[in-house]
Every structure is written in structure tokens, then in C-alpha cells.
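Got your viewer open? Here is a short tour, one selection at a time.

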Amino acid sequence: MSVLFYIGALLIVIGGICDLFGALGLLKFPNFYVRLHAATVGTIGGAVVPLFGVALLALGADFLPHRYAIAGASFITGIIVLLAAPAGAHALAYAAHKAKLVEWKPKVDHLKEVRE
């Protein structure tokens with residue numbers, strides 16, 4: 001086993017820790033917007049980082065058949081999730097703010113000046 005295998009395994013563990021913190025944030029944070037942030041941390045850290053870890057792990061495992069296919073699929077899936085998750089979270093937050101569905105007391109509201 002090479003260094004890539006161990007770095008991949010470390011990234012998978014880091015992803016598990018990010019999932020744990022994202023789940024704790026979903027339970028403990030006070031409002032929708034901060035919980036949405038925690039969900040995004042859980043998605044990016046808990047899905048993208050382990051997918052990159054799986055890609056590295058597959059490249060570093062000599063015993064694994066089809067390791068290049070597994071690495072490529074994991075890497076491409078990670079890139080797609082990396083691009084889609086923040087855009088989806090932004091769309092949810094913007095829609096919730098515009099529809100005024102969430103009650104909150106902002107200290108600064110930069111979207112207030114956005115034209116309707």
C-alpha cells in the first residue's frame with residue numbers, strides 16, 4: 001500500500017468528522033440559515049472530502065480491480081457535489097429570505113436592498 005492509500009483513509013475519517021459536526025449543527029443551531037450552513041458543511045466535508053479520499057485510496061490500492069474507474073468516478077462525483085451543494089444552499093436561503101418564511105432578527109441584511 002502506498003502513501004495515497006493512507007491519505008485517502010485519512011480523508012475518509014475527516015469526512016466522518018465533518019458529518020458529525022454538521023449533524024450537531026443541525027441539532028443545536030438556532031435558526032434556518034445557520035442550520036443550512038451546518039448542512040452545507042456536512043455535505044461538502046462529509047461527502048466531497050470522503051469521495052476524494054476514496055479516489056486516492058483506490059489509486060493507492062494495488063489489489064483493487066478497476067481502481068482507475070473507481071478513482072475517476074469518485075473524483076467526478078466529488079466535483080459535481082462540490083459545485084451543486086453551495087448553489088443549492090444559496091438558492092434555499094435566498095428563497096426563504098425572499099418569501100419571508102423564516103422569522104429572524106438580522107444584525108445586517110444585505111438582501112434588503114435587492115430590488116423586488
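Before the first click, a word on terms: helices here are DSSP runs of H or I at least four residues long, strands are runs of E at least two long, and both are numbered from the N terminus. Keep in mind, too, that this is a predicted model.

With that in hand, select residues 39-61. This span is 96% helix and 0% strand, and its end C-alpha atoms sit 32 Å apart. Now try residues 6-27: here the chain is 100% helix and 0% strand, again with 32 Å between the end C-alpha atoms. Why these two ranges? UniProt, in an unreviewed entry, places the feature "transmembrane region" at residues 6-27, 39-61 and 67-95. Such annotations may be inferred rather than shown by experiment.

Next, show the whole chain as a cartoon and colour by secondary structure. How many helices and strands does the chain have? You should find three helices and zero strands, running α-α-α from the N terminus on.

Zoom out and turn the C-alpha trace around. Along its principal axes, the trace spans about 55 × 30 × 20 Å. The chain has a radius of gyration of 18 Å, whereas a compact globule of 116 residues would be near 13 Å.

Now go for a close-up: select His66. This residue is in the loop between α2 (32-60) and α3 (67-99). Check its backbone: phi is near 60 degrees, a positive value in a residue other than glycine. That deserves a second look because most residues other than glycine have a negative phi. Is the His66 side buried or exposed? His66 has a relative accessible area of 64%, so it counts as exposed, the cut-off being over 50%.

Follow the chain past α3 and pick Lys100, which lies in the segment after that helix. Lys100 is not a glycine either, yet its phi is positive at about 55 degrees. With 69% relative accessibility, Lys100 also counts as exposed.

Switch on the surface for the last stop. The accessible surface of the chain comes to about 8000 Å², and 72% of that belongs to carbon and sulfur atoms. Of the 116 residues, 27% count as buried. Colour by charge and you can pick out 9 positive and 6 negative charges, with their mean positions 6 Å apart.

If you can draw contacts, do so now. Among those in the chain with a separation of 6 or more, 64% come from residues 24 or more positions apart.

How values were computed:
Residues are numbered from 1 along each chain as its sequence is written. This is a predicted model: local features need pLDDT of at least 70, side-chain atom pairs count only at pLDDT 80 or more; totals for chains, interfaces and linings use all residues. Side-chain values use heavy atoms; hydrogens and water are left out. The radius of gyration is taken over C-alpha atoms; the globule rule is 2.2 Å times the number of residues to the power 0.38. Buried means under 20% relative accessible area, exposed over 50%, partly exposed in between (1.4 Å probe, protein chains only). Contact means heavy atoms within 4.5 Å. Accessible areas come from the Shrake-Rupley method with a 1.4 Å probe; for residues, only the protein chains shown count as cover. Lys and Arg count as positive and Asp and Glu as negative; His and the chain ends are not counted. The place of a charge is taken as NZ of Lys, CZ of Arg, CG of Asp or CD of Glu.
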